[in-house]
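Biologist: I have not looked at this one before. Can you walk me through it?

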Amino acid sequence: MTTHDRLRLERLSKHYGRHQVLHDVSLDIERGSFLTLLGPSGSGKTTLLKVLAGFERCSAGRLLLGDADITSLPAERRNFGLVFQGYALFPHMTVANNVAFPLKVRRWDRSRIEARVREMLELVQLGHLAHRKPAELSGGQQQRVALARALAFEPDLLLLDEPMSALDRKLRADLQIELRRIHRRLGTTFVYVTHDQDEAMTMSDQVAVLDHGRLMQVGPPETLYERPENRFVAEFLGRSNFLPARLLAAEGPGSRIEVAGRTCRHAGPVPEAGHGVSLLLRPEDIEVRPASPGDGWNCLSGRLQIRTYFGDRALYQVEVPGAGTVSAYAPARPEFRPAEGDEVHLVWRAEDGVLLPAEAERS
Ligand code: ADP
């Protein structure tokens with residue numbers, strides 16, 4: 001089996017009885033990348049990971065590692081490392097023996113095992129705890145041992161299923177940084193499952209967003225956030241405003257659009273012909289002003305309903321006739337400080353909005 005190429009998921013589908021949980025998922029995972037499968041609970045992330053691991057057979061489609069078709073290859077012959085919830089550490093074995101276990105199974109010789117265990121425990125910064133039993137470790141330390149064990153035999157791919165879900169916030173943040181460091185150092189391909197958008201954004205090179213078993217978009221975190229292709233992705237990653245819009249005319253490299261009854265400029269791509277469009281504006285792309293700008297372009301007026309202070313910034317929720325409640329972030333210490341109930345003006349740059357087809361919307 002070649003170890004030097006990408007993993008290709010080709011139109012993978014999975015049924016449980018009559019219930020289809022994966023629909024035609026196609027995805028290339030480049031060697032050495034950190035890809036996260038992100039989606040709400042029940043979207044099919046774990047099922048997809050199990051298909052990759054070889055624990056579940058797909059109902060249709062193919063799985064290729066480099067040129068080799070591994071669709072039917074049993075799990076134990078895939079040479080993939082696993083950090084799954086069900087793959088707890090062996091409680092009766094020391095930390096060192098846990099990490100050595102997959103190497104003994106593979107009949108590595110003793111001196112090579114000893115060196116590798118030492119190397120792996122250093123990698124996860126647990127060399128000093130080699131002789132402890134799992135029960136004598138914290139939750140975060142146990143996860144690091146599980147990671148060392150999964151990486152010890154130099155797998156082609158490491159599959160991780162919500163490995164941090166049981167840890168508290170601070171520990172999760174530490175382990176996220178740790179995991180990224182280990183990924184950079186080893187260059188092994190990581191496929192990571194989470195429902196936590198922040199976790200996906202902070203760790204991954206590529207994020208694949210799933211909804212009801214369908215791949216909604218795949219790309220680097222920045223692309224998904226700044227150029228989502230549909231409303232689901234836009235809403236799943238961060239706060240968003242969707243304003244009712246209409247395409248009026250092409251104008252130079254951009255277009256003229258109508259937003260909540262006002263004519264505006266738009267500089268980004270325009271969806272293919274459809275019934276309607278909506279304009280996605282992130283709250284940080286909207287500026288709250290006391291007056292409409294001189295030229296009056298890309299400005300909606302409304303009344304400030306609620307101002308929520310976060311310390312590093314404030315969230316303004318503004319009621320705009322014809323557009324509903326629009327959220328905008330303001331700096332923590334702005335020059336303009338409207339009171340709740342005041343009239344305000346919301347201004348954005350033509351290049352910051354994203355037009356999405358209305359047919360991709362869900363109610
Ligand atoms: P996620 O990991 O995104 O939470 P899952 O892959 O666990 O989603 O589940 C996707 C869907 O498949 C869910 O509707 C779930 O109920 C269903 N499902 C998962 N495993 C099985 C199974 N063994 N038998 C029947 N249905 C299953």
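Modeller: We can take the sheet, then the cores, then the cysteines. This is a predicted model, where local features need pLDDT of at least 70, side-chain atom pairs count only at pLDDT 80 or more, and totals for chains, interfaces and linings use all residues. Residues are numbered from 1 along each chain as its sequence is written, and side-chain values use heavy atoms, leaving out hydrogens and water.

Biologist: What is the strand order in the open sheet of five strands?

Modeller: The order is β13-β12-β11-β14-β20, with antiparallel pairing. Strands are DSSP runs of E, at least two residues, numbered from the N terminus, and two strands pair if DSSP finds at least two bridges between them.

Biologist: Which are the edge strands?

Modeller: β13 (262-266) and β20 (354-357), each of which pairs on one side only. β20 pairs with β14 (residues 277-281) over four bridges, and Leu355 in β20 is the bridge partner of Leu279.

Biologist: Now the largest nonpolar core. Which residues touch the most other members?

Modeller: Leu121, Leu147 and Leu179, out of 37 residues. A nonpolar core is a set of buried Ala, Val, Leu, Ile, Met, Phe, Trp, Tyr and Cys residues joined through side-chain atoms within 4.5 Å; buried means under 20% relative accessible area (1.4 Å probe, protein chains only).

Biologist: How many disulfides are there?

Modeller: Zero, a disulfide being a pair of cysteine sulfur atoms within 2.5 Å. For Cys299, the nearest cysteine sulfur is that of Cys264, 8.6 Å away.

Biologist: Is Cys299 buried or exposed?

Modeller: Cys299 is buried, because its relative accessible area is 1%.

Key. Buried means under 20% relative accessible area, exposed over 50%, partly exposed in between (1.4 Å probe, protein chains only).
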